[in-house]
Amino acid sequence: MIIKRPLVWLLLAYTAGMGLYQVGLKFVILAAIILAAIITKYICFPWKDKKNTLKYHLFLYGFPFLLLLGQVRLNQQITSPPINNFFEDKINGTIKGQLESISDRGSYIILTLKNNMITISLSDQQFYSSKVTVYSSHKNSYKIGNILLVSGQITKFKQATNPGQFDEQLYNRMSNIDYKITADAISLMDSEYSKVYQGIYNYKYKVIHTFYGILPEKDAGILSAMILGESELLDEEMKELYQKNGISHILAISGLHISILGLSFYQLLSKLRIPLLPATLLSIGFILVYGILTNFSVSTNRSIVMLVVMMIAKVVGRTY
């Protein structure tokens with residue numbers, strides 16, 4: 001039996017598992033077992049003249065497996081770290097982690113640290129944390145990839161208390177960010193850094209400074225948000241005007257930006273008669289660098305994945 005677009009069906013099973021996270025893991029495990037049992041019966045007791053391959057059978061068993069995997073992965077992502085049990089809202093402590101990104105906000109900077117070890121004042125235990133956000137007025141010349149030791153007040157993100165209210169905790173957990181810390185002091189533990197990521201960061205802020213050097217402040221903020229994803233630099237009055245007119249989506253780096261840049265670069269390489277495979281690989285590399293440049297938001301991730309799918313489809317001779 002031929003299955004059209006099998007990966008789409010398997011992706012739906014995985015997405016369904018994620019969508020069912022609120023009903024509980026036990027329910028999804030039971031549903032996966034029942035589904036696997038039905039598939040087994042279907043395979044072991046075939047109807048007359050029905051011929052199916054091993055590949056088809058594996059495809060069927062992929063449904064309960066991916067349903068369960070989607071549930072487990074999302075539960076892992078939204079489950080609070082064990083350190084949560086040691087404090088209510090805020091606590092003093094230290095965090096040692098690797099610098100992943102830097103965002104300059106003028107009077108202060110925002111750092112994102114990954115692979116962190118947290119030590120809190122009430123315990124000598126160390127706790128692992130995937131990512132934390134650091135707010136600091138110490139504008140030293142940190143570089144992406146440095147190992148930093150940050151001391152200060154560690155704060156939990158706020159949960160939504162009313163229906164429809166923005167859930168700061170869930171939003172940050174989806175990005176694997178566990179806590180935020182207001183830094184009292186930051187020490188450089190290891191000066192090793194990523195030349196590639198630091199080079200992209202330096203180029204980004206060189207462009208931003210160019211915008212502010214040749215344009216009025218409001219216009220520079222709009223361009224920084226629209227081209228480089230730095231929405232925090234957008235003037236509050238301008239941001240409100242975009243929202244009231246229903247066009248704030250053009251400020252988010254999404255399919256429009258990725259398509260214009262990625263396809264323009266791809267077409268340019270084609271005009272230069274560069275072979276299909278090298279042109280595709282160079283274009284994918286180009287849009288990945290742009291994704292890094294714009295902080296890889298959710299909409300950017302989605303758009304880049306879809307553009308890569310389109311380019312690869314052309315290489316392998318499949319439809320988009």
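Let me begin with a pair of strands in this predicted model: strand 2, residues 109-120, and strand 3, residues 126-136, run antiparallel and are joined by ten bridges. To find your place along that pairing, note that Ile109 stands opposite Ser136 in strand 3, and that Asn116 stands opposite Ser129. The two strands form a hairpin, with five residues between them.

On the other side of the discussion is strand 1, residues 90-104, which runs antiparallel to strand 2 and is joined to it by ten bridges. Here Ser101 stands opposite Thr112 in strand 2. This hairpin has four residues between its strands, and Gly106 takes a positive phi there, near 90 degrees.

What do these strands belong to? Five strands close into a barrel, in the order 1-2-3-5-4, and the pairing is mixed. From one strand to the next, the twist averages 50 degrees.

Now to the interior. In soluble globular proteins, nonpolar side chains tend to be buried together. In this model the largest nonpolar core has 43 residues, and those with the most contacts inside it are Leu111, Val134 and Ile154. Helix 5, residues 195-214, gives the most to this core, with six residues. Apart from it lies another core, of seven residues, among them Ile39, Phe59, Leu60 and Leu66. Returning to Ile154, and leaving aside residues up to four places away in sequence, we find that Ile154 touches a list of residues including Phe87, Ile91, Ile95, Ile118, Ile120, Tyr179 and Ile181.

Let me turn to the helices, starting with helix 9, residues 276-293. Why does the length of helix 9 agree with what its residues should span? At 1.5 Å a residue, its 18 residues should span 26 Å, and because its end C-alpha atoms are 26 Å apart, the two values agree. Among the buried residues of helix 9 are Ala279, Ser283, Ile284, Ile287 and Tyr290, and what covers its buried residues includes helix 5, helix 6, helix 8 and helix 10. Helix 9 is followed by Asn295, whose phi is positive, near 75 degrees.

Two of those covering helices also meet one another. Helix 8 and helix 10 pack at an angle of about 35 degrees, with their axes 9 Å apart, and helix 8 passes helix 10 in a right-handed crossing. On the helix 8 side, the residues that take part are Gly255, Ile258, Gly262, Leu263 and Tyr266, and they meet residues of helix 10 including Thr300, Ile304, Leu307, Met310 and Met311.

Definitions and conventions:
Residues are numbered from 1 along each chain as its sequence is written. This is a predicted model: local features need pLDDT of at least 70, side-chain atom pairs count only at pLDDT 80 or more; totals for chains, interfaces and linings use all residues. Side-chain values use heavy atoms; hydrogens and water are left out. Two strands pair if DSSP finds at least two bridges between them. Axes are lines fitted to C-alpha atoms, for helices over the stretch in contact, and angles run from 0 to 180 degrees between N-to-C directions. A nonpolar core is a set of buried Ala, Val, Leu, Ile, Met, Phe, Trp, Tyr and Cys residues joined through side-chain atoms within 4.5 Å. Buried means under 20% relative accessible area, exposed over 50%, partly exposed in between (1.4 Å probe, protein chains only). Contact means heavy atoms within 4.5 Å. The expected span of a helix is 1.5 Å times one less than its number of residues. A crossing is left-handed if the near helix is turned anticlockwise from the far one by less than a right angle, and right-handed if clockwise.
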